[in-house]
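Visitor: Please give me a close look at a single buried or exposed position in this protein. Tell me about the chain as a whole before you come to the residue.

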Amino acid sequence: MLTAGDFKNGVTFEMEGKVYQVIEFQHVKPGKGAAFVRTKYRDVMTGAIREQSFNPTAKFENAVIERRELQYSYDDGDLYHFMDTETWEETLISRDMVGDNFKFVKEEMMCKIQSYKGKVFSVEPPTFVELAVTETEPGVRGDTATNVTKPATLETGAVVKVPIFINEGDVLKIDTRTGEYLERA
């Protein structure tokens, strides 16, 4: 059991059948009246953020979120297949559970999977990936104004903006959080 007085940033708790994670908290002791804990928390399943004040003695069930690193195997159209490299256990995750940044993940990359009581709610790809350029237009000599970019298609099918000196076959380092080109690998 956990009380609202025990809240810290990052603590996960269960309330009304849902799992929440504390983003911010503040213990408030007004001059008049009882103390309370002003809390900003996020629903870990949906990402919705709420603010609420709790009595410091309010009790909640402690929620343990399981974090595992699994290897992405393949996509069969409806489901993504992940494998635990230690136990060889396969985990199937629906298309709506993975985010837009998953377009930078290729087979055999390790991803962080978060679940609660066996239900997966988050798939986090590696922060930085190295991918080859499969298609891009050649850069035009003399077209050197500052920050000139062109679209490039990567081996996973994702399209990113790259500087004009990038050619087909170059391996690029991409930040999956922003989808931006960082450097040549």
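**From the whole chain to S115**

Guide: In the protein chain, 41% of the contacts (heavy atoms within 4.5 Å) with a separation of 6 or more are between residues 24 or more positions apart. This is a predicted model, in which local features need pLDDT of at least 70 and side-chain atom pairs count only at pLDDT 80 or more, while totals for chains, interfaces and linings use all residues. Residues are numbered from 1 along each chain as its sequence is written, and side-chain values use heavy atoms, with hydrogens and water left out.

The protein chain has 16 strands and zero helices; these are DSSP runs, E of at least two residues for strands and H or I of at least four for helices, numbered from the N terminus. Its C-alpha atoms fill a box of roughly 75 × 45 × 25 Å along the principal axes. The radius of gyration, taken over C-alpha atoms, is 22 Å, whereas a compact globule of 185 residues would have a value near 16 Å; the globule rule is 2.2 Å times the number of residues to the power 0.38.

Of the 185 residues, 35% count as buried, meaning under 20% relative accessible area with a 1.4 Å probe, protein chains only. S115 is buried, because its relative accessible area is 7%. This residue lies in strand β10, which covers residues 110-116. Leaving aside neighbours within four places in sequence, S115 is in contact with I65 and E66, and also with V120 and F121.

Key
Buried means under 20% relative accessible area, exposed over 50%, partly exposed in between (1.4 Å probe, protein chains only).
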